[in-house]
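Me: I would like to go through this structure with you. Could we begin with the cysteines?

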Amino acid sequence: MESAKGSITSEILNKFQKNFEADPKNIVVQNACFKNDPLELAVQRKIVETSAHVFTHKIDDTKPITNQKSSGRCWQFATLNVLRAPFVKEHQLEDFEFSHSYIFLCDKIERCNFTLHTIVEILKRGEPIDGRLMSFILADPIADGGQWHMVVNLISKYGVIPKKCFPETFCCETSARLNGILKTKLREYARDLTLLYEKKASDEEIDKKILSCMEALYKVIVICLGSPPETFTWEYYNKSKAYNVIGPITPLQFYETYVKPYCNVEDKICFVNDPRPQNPYDRTYTVDCLGNMVGGLKTVYVNKKIKEILGYAAKSIQNNEPVWFGCDFGKVYNLKLGIQDLRIHDYNLSFGVDLHKTMSKAERLIYGDTIMNHAMTFTAVSLDSNGEPTKWRVENSWGEDRGEKGYLMMTSEWFEEFGFEIVVDKKYVPEEVQEIMKMEPKVLPAWDPMGNLAL
């Protein structure tokens, strides 16, 4: 058979193999990779030796290290970790967790409703069922992941609860089963709403149908996650072993009375670093169809240069306030050691190719090689002699088995390449930056990488 132009021929493969075998180092690495993780072979020992988990400014640890297990709730865990640091200090607690399952429950209810209304909105725009926008929404209509403003919506409306008063369930820790049911039903209901819309049903008829769908979805959700409590009573001992009790109280009253005075989620500003030339700095952006609550806050970002937003984060840490952030977690890291450093692997030595040095951050976004996919919390920072941040302590939500008992060490250089979002209190931000928030945001398409959800 005649080879097509551009095809891989046996002659080409033979040449590649001879060149490969001509360098003995390739054979050594190939043998080592036979039973070992290739990235473990590329770890640079000198970088590990100089990656101490010691920082010039550090917030006191809060116990225990949280664990989202087999779910995509990092954005919720990171937020509740930000909230609990001042809460634990104020109430003199030995250890404490807010209920992640309660926020998860509220999100599933609101997200289902938001998705159904979004489908109707897309139909009213005249978008085809098989068009890119509808296909994008229906591809994953009830993901676990989220963005900062989504959790602000939930806490501002539903409040928070101590974990002991609303514990985890199987479907919180392993969410695939629940999500599978909800996805199928949401797609079925999308079909029903489409048929209604095509029959020119009134808005009242469509709203009635959505309400009927939501009742069925609500039943599935609360069976799997538990019923939302109207009130709760929290009994606890503080560090001095003194007995305390709060309640009966609603979750929203609990947040507004005991949490919000020390950490108000509505006072935070979400910054992104999007260096793509089509998205200039010093303006606001939002993403089409991105949200989790009908009538809730839109996801709005202020696009700033990376060193500026790292500076805001450092100010927050220096004032003992943790910082929520989002990054591309899967790039250039050693999870077992808990190190996120651009130098941790020498790919060129092992494979004869470079990875992170060959494209700019903007190019990686444009060509689909990077995206924000995980949220965590900064709890410490080291500053150099010029006051510039050099490295960060990161509180993750994957338990104590990775890094230094669950904490990671990240260099500022790493975040400059793979960090995308930082959330800080407005008091750490210059007034001229706060003015940018008043701008009408540019709307990015639903599938834009800036709209990706943290899992």
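Reply: A disulfide here is a pair of cysteine sulfur atoms within 2.5 Å. The model is predicted, so local features need pLDDT of at least 70 and side-chain atom pairs count only at pLDDT 80 or more, while totals for chains, interfaces and linings use all residues. Residues are numbered from 1 along each chain as its sequence is written, and side-chain values use heavy atoms, with hydrogens and water left out.

Me: How many disulfides does the structure hold?
Reply: The structure holds zero disulfides.

Me: Why is Cys74 without a bond?
Reply: The closest cysteine sulfur, in Cys327, is 8.7 Å from the sulfur of Cys74, which is too far for a bond. Cys270 is in no disulfide either; the nearest cysteine sulfur to Cys270 is that of Cys74, 13 Å away.

Me: Is Cys74 buried or exposed?
Reply: Buried means under 20% relative accessible area, exposed over 50%, and partly exposed in between, with a 1.4 Å probe and protein chains only. Cys74 counts as buried because its relative accessibility is 0%. Cys270 counts as buried at 1%.

Me: Moving on to the interior, how many residues are in the largest nonpolar core?
Reply: The largest nonpolar core has 75 residues. The term refers to a set of buried Ala, Val, Leu, Ile, Met, Phe, Trp, Tyr and Cys residues joined through side-chain atoms within 4.5 Å. Val160 and Phe254 have the most contacts inside this core.

Me: What does Phe254 touch?
Reply: Contact means heavy atoms within 4.5 Å. Leaving out residues up to four places away in sequence, Phe254 touches several residues, including Phe87, Phe98, Val160, Phe232 and Trp234. Another core, of 41 residues, lies apart from the largest one, and Ala313, Val323, Leu383 and Phe418 are among its members.

Me: New topic: how many cavities of 30 Å³ or more are there?
Reply: There are two cavities of 30 Å³ or more. On a 1 Å grid over the protein atoms alone, a cavity is a set of points where a 1.4 Å probe fits but cannot get out, and lining residues have an atom within 4 Å of a point. Grid points are joined across faces, edges and corners, and the volume is the space filled by probe spheres set on the points.

Me: What lines the largest cavity?
Reply: The largest cavity holds about 60 Å³ of space. Its lining includes Ile59, Asp60, Asp61, Asn81, Glu395 and Tyr407. The elements giving two or more residues to this lining are α5 (74-91) and β10 (374-383). Helices (H or I, at least four residues) and strands (E, at least two) are DSSP runs, numbered from the N terminus.

Me: And which residues line the second largest cavity?
Reply: The second largest cavity, of about 40 Å³, is lined by Val82, Trp148, Lys268, Ser316, Pro322, Trp324, Val423, Val424 and Asp425. Strand β13 (residues 419-425) supplies the largest share of this lining, three residues. By class, the lining has six nonpolar, one polar and two charged residues. Ala, Val, Leu, Ile, Met, Phe, Trp, Tyr, Cys and Pro count as nonpolar, Asp, Glu, Lys and Arg as charged, and the others, Gly among them, as polar.

Me: Trp148 is in helix α8, I see. How many residues of α8 are buried?
Reply: Eight of the eleven residues in α8 (residues 148-158) are buried, so the helix is mostly covered. Trp148, His149 and Met150 are among the buried ones. Just after α8, Gly159 takes a positive phi of about 75°.

Me: Which peptide bond is cis near the Lys63 position?
Reply: The bond joining Lys63 and Pro64 is cis, with omega about -5°. Pro64 is in the loop between β1 (57-58) and α5. A cis bond also runs from Gly247 to Pro248, with omega near 0°, and Pro248 belongs to strand β3 (residues 243-249).

Me: Last one: what is the phi of Cys289, and of Lys405?
Reply: Cys289 has a positive phi near 65° and lies in the loop between β5 (283-287) and β6 (300-303). Lys405, also not a glycine, has a positive phi of about 55°. Cys289 is buried, with a relative accessible area of 17%, whereas Lys405 counts as exposed at 62%.

Key: On a 1 Å grid over the protein atoms alone, a cavity is a set of points where a 1.4 Å probe fits but cannot get out, and a pocket is an open set with protein on both sides within 12 Å along at least five of seven lines; lining residues have an atom within 4 Å of a point.
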